[in-house]
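Okay, thanks for squeezing me in. I'd like to go through a couple of local details together, so let me put the structure up.

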Amino acid sequence: MGILGLSKLIADIAPQAIKENEIKNYFGRKVAIDASMSLYQFLIAVRNEGQQLTSADGETTSHLMGTFYRTIRLIENGIKPVFVFDGKPPSMKSGELEKRAERREEAQKELEKATEAGDTSLMDKFNRRLVKVTKQHSEECKELLKLMGVPYVDAPCEAEAQCAALVKAGKVYATATEDMDALTFGTNVLLRHLTFSEARKMPIQEFHLDKVLSGLDIDMDQMIDLCILLGCDYVPSIKGVGPKRAMELIKQHKNIEGILAKIDTKKYGIPENWEYEEARKLFKQPEVEDVNNIDLKWGDPDEDGLVKYLCGDKNFTEDRVRGGAKKLMKGRQSSTQGRLDGFFKVLSTTPATNSVKRKGDEKKDSKAKRGKVTGKGRPK
């Protein structure tokens, strides 16, 4: 689910924090991709087109098709992707997961009614609601990524939190996901629509956390409390408090404790046994793998291995798979030249260090070329 209404709130109050970009402008960038979100997009997209791809034994292969061809597209554009897979969900997320299970159960009942009535539009609608990324989908994609020479990370818990940790450590430039809670976890740069921008004819949206904070005129602690008020996966929100009111309350009372001390409980419904402090802790101190133990390496694709894995039972065409492998190799070779800022030292412990280069920075670079290079620069 992410954070309800956060993207619109930012667009309304801090539009300068959002930049629209083309994929070619990320040449040489390392990007952490929320794998589960990406796989879900592929499964939904193919189902919407009415042609779910399957293997010889009837198992879905849409996630493999999407991962294969769109990862090739990223690499052809000089991007170095690293896919991050979800681990176990935090216990506080159990309520949200139960709601999702209930919605799927209801969708199944509605699908049966629509099928009986022969209503194809409703059948498509409820079919989409039943789409779920399984452990098998993830394991199959991990095997595919190995053969493609693309690294992946198994997060111990939430993938967005692990992506954010990689960004903050300077291991990658940005987190690519549709879930806005990547910002709540502290990713300096968030990319939305990266994996499907071309397919849907949409620009990539680039959110910068430092500009979000300055535009909303709040600090990171207040940002986390705001996101809890808006509605997150861990706890219910205060009944009757929408995005605009949540922003007003944070500005006026600074934090949730201040809000609870002053809010009209007759007008606004405070959730019973509201564990907002635990939710806050999950955002501030999420369970992530130590980034110092993560070594990201991009390698050459295994063409014969890809053919063996994707062709035959999985019904991929050998010529296309071999052609894809050659594109991977070519893209990998062209991306080795990297970006200019890749030659400088990485400094990235705060949101501000990952800001897009401004004209003033370009002037500094010009002076550096004429004199001594200081070694400072943006993350890769």
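**Backbone oddities and a helix pair**

So, Asp 217 comes out at 58% relative accessibility, and because of that it counts as exposed, where exposed means over 50% relative accessible area, buried under 20%, and partly exposed in between, with a 1.4 Å probe and protein chains only. Quick caveat: this is a predicted model, with local features needing pLDDT of at least 70, side-chain atom pairs counting only at pLDDT 80 or more, and totals for chains, interfaces and linings using all residues. Residues are numbered from 1 along each chain as its sequence is written, and side-chain values use heavy atoms, with hydrogens and water left out.

Back to Asp 217: its phi is positive, about 60°, and it's not a glycine. Most residues other than glycine have a negative phi. Asp 217 sits in the loop between helix H9 (209-216) and H10; helices here are DSSP runs of H or I, at least four residues, numbered from the N terminus.

Where's Asn 315, which also isn't a glycine and has a positive phi of about 65°? That one is in the loop between H14 (303-310) and H15 (318-335). At 49% relative accessibility, Asn 315 counts as partly exposed.

Now the helix pair. Gln 222, Asp 225, Leu 226, Leu 229 and Leu 230 in H10 meet Pro 243, Ala 246, Met 247 and Ile 250 in H11, with contact meaning heavy atoms within 4.5 Å. By class, that's seven nonpolar, one polar and one charged; Ala, Val, Leu, Ile, Met, Phe, Trp, Tyr, Cys and Pro count as nonpolar, Asp, Glu, Lys and Arg as charged, and the others, Gly among them, as polar.

Methods. Helix = DSSP H or I, 4+ residues; strand = E, 2+ residues; numbered from the N terminus.
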